[in-house]
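Me: Please take a close look at one helix, with attention to burial, and then place it beside other local features of the model. A connected account would serve best.

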Amino acid sequence: MYKMLLCQRYLRTRYIALASIISVMLGVATMIVVNSVMSGFGTQMRDRIHGLLADVVIESHSYDGVSDPDLQIRIAREVADGYIEAVTPTVEVYGMLNFNFAGQWITKPVTLIGIEPEGKAKVGPLRSFLDSFNPVYENGEIARPALRPDEEIPNWKLSPEAEEYRHEKIDRQKWYESQLAALESEKTPKQTASIEPQQEVQTAALPEDPFADPFFDGQAAEQAPADPYEMMDGRVYVGAGLVSYPYRDPETGLMKTMMMARPGDDVKISTVTAGRPPSHAAFQATIVDVFKSGMTEYDSNLVFCNLEELQNVRGMLSPATGKRAITSLHIKLKDYKDAEVVVERLKSAFPPDQFVVKTWEQKQGPLLAAVEVESAILNVLLFLIIAVAGFGILAIFYMIVVEKTRDIGILKALGAGSGGIMSIFLSYGLALGVVGSGVGVLLGLTFVHYINQIEDAITFITGRKVFDETIYYFPEIPTSVQPSMVISVALGAMLIAVLASVFPARRAARMHPVESLRRE
Amino acid sequence: MNEILPTPPVHLSAVALDKSYRKGPEAVNVLRGVNLEVRKGEFLSIIGRSGSGKSTLLHLAGLLDTPDIGEIRLDGKRIDHLPAKTRDQLRNRVFGFVFQFYHLLPELNVLENVLAPLMIRYSMWEYWKKRSELQDQARELIAQVGLEHRIKHKPSQMSGGELQRAAIARSLISEPEILLADEPTGNLDVDTGKGIIELLERLNSERQLTIMMVTHDEAIARKGQRIVRLSKGQVENIRDRVAS
Ligand SMILES: Nc1ncnc2c1ncn2[C@@H]1O[C@H](COP(=O)(O)OP(=O)(O)O)[C@@H](O)[C@H]1O
Ligand SMILES: [Mg+2]
């Protein structure tokens, strides 16, 4: 009984103990906030990866692919009947993306994925990545509404805005060309460096153009459509990282995005043909949309292209049967829990010497593992904060034990046992831990709940954006609070507080009553 | 009353006690073969110079410390070698301690301080069940020592005499058989000291409480029925039992 009473009195009269409560509290709150944000980002990242891939992916080893997508889909559906919700055929191959920006040809290595947008949208949330289907946020508010209606299925048509842009651009270019022609007829013919970004037609007409793409062999002229506004046969969704770069606005200091190419612009794509040996193949394509998954790895690497055109250009078309070839199948399952079973079944039908069958997690194993390791390390580091608080408790408790030496002697003279004395300090430690982590949990959860408001406030005070949505592509900071995480953080903090009080408590318990009483 | 009372039995005895402290390289032999008996209901005064080992003897008798050689016997049975838990219980139930510097717990008020031995004795649940009864006991004792108006005061708000009264009330709450008082008046002025001694005398006669009181003041010592002096680590009788 005296234990609780004294413990409570010591708590109330030793304000120094408040310091250790605060340090436990801050440690716990920090861990909860960081973990929630990390897990929020992690969940978003997984969603994005998952969304761009598919639940299960079957890939052929060869870039030549396998013939007859319908047959392959039928086989897949047969072996994994009942599990599969949707399947879509794709062709994946490496390639190069070329486009002209400010008079300069930009070439980027890319992974080309030929898709049928309707089918791809069924195996994953494709539309949530496409720029024109989603509003653009700025400072947490919608700065530009979605350019396409909600019910529209992803397709290869330009949005009205992109269409308008394309018309304007082509008109401007024609005017510019006519001006240039007039100028050239006056003066001696002379090569002028053009700053106009788009000049495919010109390029094709003048093979010695210093800006010409070396891989491009003049097919463009044949591909150039009769209707000047008509889109190219190739249609692409390009990763945002390929056609834009962030920069800091010198006036406002805010991060902005510079678009180097936008929907409505034309690009050139070079890749290789199927067959032995592969040879060079190139085509022109119109950017239909820009996709932002938020994963740099994808956004600066992937180009989705219309499957048919890619198959045509690569010659993935059997002349005998008229059947097309594909390199992979993207599968959406009814329930992702069945993924392992489905992968096993598919492996039996798609032999490993020709195909790789993997779930998206298996495909992205190293990345996911890296994120997990990262979060584990961060947690260890953060837990050290609480450990520091633990040492604070240790030091403060030693002080209190020394200060309370005489009282300990008195209690022993009155018949208190060593165990009783020890439990005073242990329960004191526990009380600090419970109060500290309790308040810490509340503080942390409140912080997480209001994190975006807090971010706004900090931005308002410092005048500098803490969380820039143009960098992360999130309208606001994503968070995800895992109850198990909160509980283990709180319990861990309490355990540390108790552990830190063990040594001072033992010292108190072992104190010799007479020696303690002799002090005055 | 001329009835001849039989001599009361020996209550607490020290047999051939040796106790030495290490002070640096050399050992200080504080007690060298001390033999001392105190009978039931006796008020024994122990005098001696400062540093002669009076407190040491009292601590040994009250099981706060263990002798190097020798035994402490309660009702003829040896108690100094008992396990720690049993000795804790004996301290809690059989002995009451009063110290020169009162030794009240500063965080607790008078009532709580007086109740402390009972809080130690009972588990939380038992204490909670009995609390009103125990509190009544404590209040009564506090009234007996004349502190009823100080019941909620903290030690820091009280005078020396009041503190010592509170300490005596605390030592009595567990209804001990033996009261061990180490210079209970050492820190008080003469009049206040006298009051404390009168209180002890009253308890001795009313409750048949065995008292061992250490003092270095001979006038105070004479209030006891018997006086022994501690010097050079040995006990010598100064005055034998006085018929009271
Ligand atoms: N823990 C200790 N270590 C060393 N010497 C001690 C210790 N406790 C007491 N002493 C010595 O033992 C002697 C007796 O002390 P004490 O019993 O307090 O005497 P008294 O109460 O008669 O004044 C003194 O000389 C004191 O210095
Ligand atoms: Mg002394």
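Reply: A residue is called buried under 20% relative accessible area, exposed over 50% and partly exposed in between (1.4 Å probe, protein chains only). The model is predicted, so local features need pLDDT of at least 70 and side-chain atom pairs pLDDT 80 or more, while totals for chains, interfaces and linings use all residues. Residues are numbered from 1 along each chain as written, chains are lettered from A and ligands numbered from 1 in written order, and side-chain values use heavy atoms, without hydrogens or water.

The helix chosen is α10 of chain A, residues 307-314; helices (H or I, at least four residues) and strands (E, at least two) are DSSP runs, numbered from the N terminus. Of the eight residues in α10(A), six are buried, and the helix is therefore largely enclosed by the rest of the structure. The buried set consists of A:Leu307, A:Glu309, A:Leu310, A:Gln311, A:Val313 and A:Arg314. It thus includes A:Glu309 and A:Arg314 as well as A:Leu307, A:Leu310 and A:Val313. Just after the helix, the backbone at A:Gly315 adopts a positive phi of about 70°.

A positive phi also occurs at two positions in chain B. Most residues other than glycine have a negative phi. B:Asp75 nevertheless has a positive phi, near 50°. This aspartate belongs to the loop between β4 (69-74) and β5 (77-78) of chain B, and with a relative accessible area of 36% B:Asp75 is partly exposed. B:Tyr102, likewise not a glycine, has a positive phi of about 65°. The tyrosine lies in the loop that runs between β6 (95-98) and α3 (110-121) of chain B. At 10% relative accessibility, B:Tyr102 is buried, whereas B:Asp75 is partly exposed.

Burial is found elsewhere in chain A as well. A:Ser39 lies in helix α2, residues 16-52 of chain A, and is buried at a relative accessible area of 17%. Its side chain makes a polar contact of 3.2 Å with that of A:Gln482. Such a contact is a pair of N or O atoms within 3.5 Å; within protein, one must be able to donate a hydrogen and the other to accept it, and sequence neighbours count only if both atoms are side-chain atoms.

Over all chains there are six aromatic pairs. One of them, formed by A:Phe350 and A:Phe355, is edge-to-face, with 5.1 Å from centre to centre and 90° between the planes. Rings pair when their centres lie within 6.5 Å, and planes under 30 degrees apart are stacked, over 60 edge-to-face and the rest tilted. A:Phe350 is buried at 2% relative accessibility, and A:Phe355 is buried at 8%. In chain B, ring pairs join B:Phe95, B:Phe97 and B:Phe99 into a cluster.

Both chains take part in the site of ligand 1: residues of A and B surround the ligand, so the site is shared between chains. Thirteen residues lie around it (a heavy atom within 4 Å), and A:Arg518, B:Gly51, B:Lys54, B:Ser55 and B:Thr56 come nearest. At least two shell residues each are supplied by α19 (513-518) of chain A and by β1 (10-23) and α1 (54-61) of chain B, with α1(B) giving the largest share, three residues. From chain A, a polar side-chain atom of A:Glu515 is 3.3 Å from a nitrogen atom of the ligand. From chain B, polar backbone atoms of B:Ser52 and B:Lys54 lie at 3.3 Å and 2.9 Å, respectively, from an oxygen atom of ligand 1.
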